[in-house]
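Q: Got a minute to walk through this one with me? I'd like to start with what's buried and go from there.

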Amino acid sequence: MGLDKTVASAAEAVADIPDGASLAVGGFGLCGIPGTLIDALRQRGTEGLRVVSNNCGVDDWGLGLLLAAGQISRMTSSYVGENKEFARQYLSGELEVELVPQGTLAERLRAGGAGIPAFYTPAGTGTQVGEGGLPWRYAADGSVAVASPPKETRDFDGRPHLLEAGITTDYALVRATIGDRHGNLVFRSSARNFNPLAAMAGRVTVAEVDHLVEPGELDPDEVHLPGIFVQRVVRVTPGDPAAERRVERRTVRQEGDA
């Protein structure tokens, strides 16, 4: 196949993801989520997934579908407030959760993809993020079964910083608006969000794309993520309900408002 990284279907693209795999998943809320690939994993029934993503979708969409099916065992996220099932599983001890400041999460993914094992940041100093003790997993009786460990600290210019580890994962799932057969990707507006960072962190990155073009059709200056970070490309089937772009919180002006 040479440099042609396209696969025929989302099911084929995720077929070798085993139980217990770690996944970096792009998206912010429901914006830019790889819905087709998530649905393929749901249908496959892969279990024990350790997912790194900004959030876990909502109760009936995105990563929330995998969560509701009991397929996620651990989440590393920066925001989890839109999913009631997430809260239930976490508080009952069914789900392990590592909460990370959002900028730190983004940099941990980028650092992992760039081959940087760790870095120092002031974010989280003076809190349980640095001092440890955040509940990662609860026991069935409500006690803390696993707590976050303290992080190494070091002063720079008289200010304390925490040592944070870069993140790499077994696989990454991302969504782009345009991709070519070599894996070069273009994202649309805010749907870029965590997608390039997640793609960099995955050892095997799978990209679902709305439009598949031939190599050479993309101007190099247009490319947001080079194909070196992408191993598989699958075109979203037009009309596939799993690829629907949903609005997480629809806010409209009420009739009569000024």
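A: Sure, terms up front: buried means under 20% relative accessible area, exposed means over 50%, and partly exposed is in between, using a 1.4 Å probe and protein chains only. This is a predicted model, where local features need pLDDT of at least 70, side-chain atom pairs count only at pLDDT 80 or more, and totals for chains, interfaces and linings use all residues. Residues are numbered from 1 along each chain as its sequence is written, and side-chain values use heavy atoms, with hydrogens and water left out.

Q: OK, so is Gln-71 buried or exposed?

A: Gln-71 counts as buried because its relative accessibility is 3%.

Q: And where does Gln-71 sit?

A: In the loop between α3 and β3. Helices here are DSSP runs of H or I with at least four residues, strands are E runs of at least two, and both are numbered from the N terminus.

Q: What does Gln-71 touch?

A: Skipping residues up to four places away in sequence, Gln-71 touches Leu-41, Arg-42, Gly-45, Thr-46, Glu-47, Gly-48, Leu-49 and Leu-66. Contact means heavy atoms within 4.5 Å.

Q: Moving into β3, what's up with Thr-76?

A: Thr-76 is found in strand β3, and it counts as buried because its relative accessible area is 5%. Leaving aside neighbours within four places in sequence, its contacts are Val-51, Val-52, Ser-53, Glu-98, Val-100 and Leu-105.

Q: How far is Thr-76 from Glu-12?

A: C-alpha to C-alpha, 26 Å in space, with their positions 64 residues apart in sequence.

Q: Switching to the largest nonpolar core: which residues touch the most other members?

A: Ile-17 and Leu-23, out of the 29 residues in that core. The largest share, 4 residues, comes from α2. A nonpolar core is a set of buried Ala, Val, Leu, Ile, Met, Phe, Trp, Tyr and Cys residues joined through side-chain atoms within 4.5 Å.

Q: Which residues does Leu-23 touch?

A: Not counting residues up to four places away in sequence, Leu-23 touches Ile-17, Leu-41, Leu-49, Arg-50, Val-51, Val-52, Thr-169, Tyr-171 and Leu-173. There's also a second, separate core of 23 residues, which includes Leu-105, Ala-106, Ala-172 and Phe-194.

Q: What about helix α5, how many residues and what span?

A: Helix α5 covers residues 102–113, so 12 residues, and reaches 17 Å from its first C-alpha to its last, close to the 16 Å expected at 1.5 Å a residue. The expected span is 1.5 Å times one less than the number of residues. Among the buried residues in α5 are Leu-105, Ala-106 and Leu-109. Just after α5, Gly-115 takes a positive phi of about 80°.

Q: Which residues other than glycine have a positive phi?

A: Asp-157, near 55°, and Ser-189, near 50°, are two such residues. Asp-157 lies in the loop between β8 and β9, and Ser-189 in the loop between β11 and α7.

Q: Are Asp-157 and Ser-189 buried or exposed?

A: Asp-157 is exposed, with a relative accessible area of 87%, and Ser-189 is exposed, with 59%.

Q: Last one: where's Tyr-138, and what does it touch?

A: Tyr-138 lies in strand β6, residues 135–138. Not counting residues up to four places away in sequence, Tyr-138 touches Tyr-90, Leu-91, Gly-93, Ser-143, Val-144 and Ala-145. Tyr-138 counts as buried, at 18% relative accessibility.
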